[in-house]
Amino acid sequence: MRRLVTLFLALALLGIAAPLRAQTARPLQVVASFSILADMLREIAGDAAQVHSLVGANADAHVFEPTPADAQRLAKADLVVVNGLHFEGWIDRLVRSSGYRGPVIEASRGIEPRRVGRAADPHAWQSLAHAQRYVENMRAALVAAAPAQAAAIDARAAVYRERIVALDASARAAFEAVPREQRRVVTTHDAFGYLGDAYGITFISPRAWNTDSEASAAGVASVIRQVRLHQARALFVENITDRRSIERIAQETGARVGGTLYSDALSQPGAGADTFLRMYAHNVKSIAAALQAVAAR
């Protein structure tokens with residue numbers, strides 16, 4: 001009888017222990033609202049999480065329309081990370097419809113946003129100083145969700161912050177070669193204000209922060225006047241927006257389109273801007289080269 005009791009106890013312990021091992025070994029299921037946040041989360045979490053991005057590469061989060069599959073993905077998540085600052089106008093409705101009841105973390109929490117009037121610019125990741133705040137908010141959320149992985153997550157976050165600091169230093173060095181009064185850049189929508197504030201660059205755009213409508217004729221005409229007045233010659237299209245407004249500005253002013261910048265989404269893998277750090281470095285290199293060419297004329 002004693003042997004049978006011992007056997008039942010052993011089987012019961014095995015029955016309990018097996019699911020516990022499965023639970024602790026299972027990576028967190030994390031959903032990020034768009035590709036830039038997803039990449040940062042993967043850098044910080046490593047093997048501790050599987051990260052899915054709702055809005056993918058080269059896609060515009062401003063005008064994203066969630067599908068039933070997105071709601072199903074959200075319902076199975078352990079953690080949801082969004083930018084905040086009203087960037088994802090669709091996220092609250094998606095969370096409600098999915099039935100998800102877990103934490104929704106705003107990566108921009110604690111940041112003092114730049115403003116025009118009363119509106120907050122949501123593109124805070126375009127400041128590398130703010131990007132470090134994003135990393136800290138993500139690190140804290142991941143550690144809270146997977147405390148057993150805290151040491152590894154903390155270590156990865158520390159290394160990632162060091163890479164961001166190094167990138168900031170190289171960006172400052174790149175722009176120092178350009179006189180401050182010649183640092184004027186035209187882009188399709190006003191997504192680079194934080195980058196401009198950080199490195200003393202004036203960005204001019206026919207569109208405001210949002211992309212849910214085409215640039216107005218008045219907006220394009222205003223940019224053409226500013227380009228002529230200030231002799232701005234560094235024009236760029238963006239990977240998420242229609243390039244026609246920039247091409248018209250180039251035709252009207254004689255300026256040349258200098259290439260593509262990545263504002264709200266990463267590129268496809270292998271295209272040179274497929275991580276947040278590569279995206280930022282690509283933008284800095286492209287802008288600095290265009291401004292240096294203008295300054296050399």
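**Two positive-phi loop residues and the strand pairing around E1**

At 34% relative accessibility, Asn58 is classed as partly exposed in this predicted model. The residue is placed in the loop that lies between strand E2 and helix H3 (68-75), and its phi is near 55 degrees, a positive value in a residue that is not glycine. A positive phi, of about 55 degrees, is also found at Leu85, again a residue other than glycine. Leu85 is located in the loop between strand E3 and helix H4 (91-98); with a relative accessibility of 17%, Leu85 counts as buried, because the cut-off for that class is under 20%.

The two strands that precede these loops, E2 and E3, both pair with strand E1, E2 over six bridges and E3 over three. Strand E1 comprises residues 28-34, and six of its seven residues are buried, so that the strand is largely enclosed by the rest of the structure. The pairing of E1 with E2 (residues 49-55) is in the parallel sense, and within it Leu28 has Ala49 of E2 as its bridge partner. Between these strands the chain passes through helix H2 (residues 35-45), giving a β-α-β crossover from E1 to E2 that is right-handed.

Strand E3 (residues 79-82) likewise runs parallel to E1, and here the bridge partner of Ala32 is Val81 of E3. The description of E1 thus combines a largely enclosed strand with parallel pairing to E2 and to E3.

Methods
Residues are numbered from 1 along each chain as its sequence is written. This is a predicted model: local features need pLDDT of at least 70, side-chain atom pairs count only at pLDDT 80 or more; totals for chains, interfaces and linings use all residues. Side-chain values use heavy atoms; hydrogens and water are left out. Buried means under 20% relative accessible area, exposed over 50%, partly exposed in between (1.4 Å probe, protein chains only). Helices (H or I, at least four residues) and strands (E, at least two) are DSSP runs, numbered from the N terminus. Two strands pair if DSSP finds at least two bridges between them. A crossover is right-handed if, with the strands pointing away from the viewer, the path from the first strand over the helix to the second runs clockwise.
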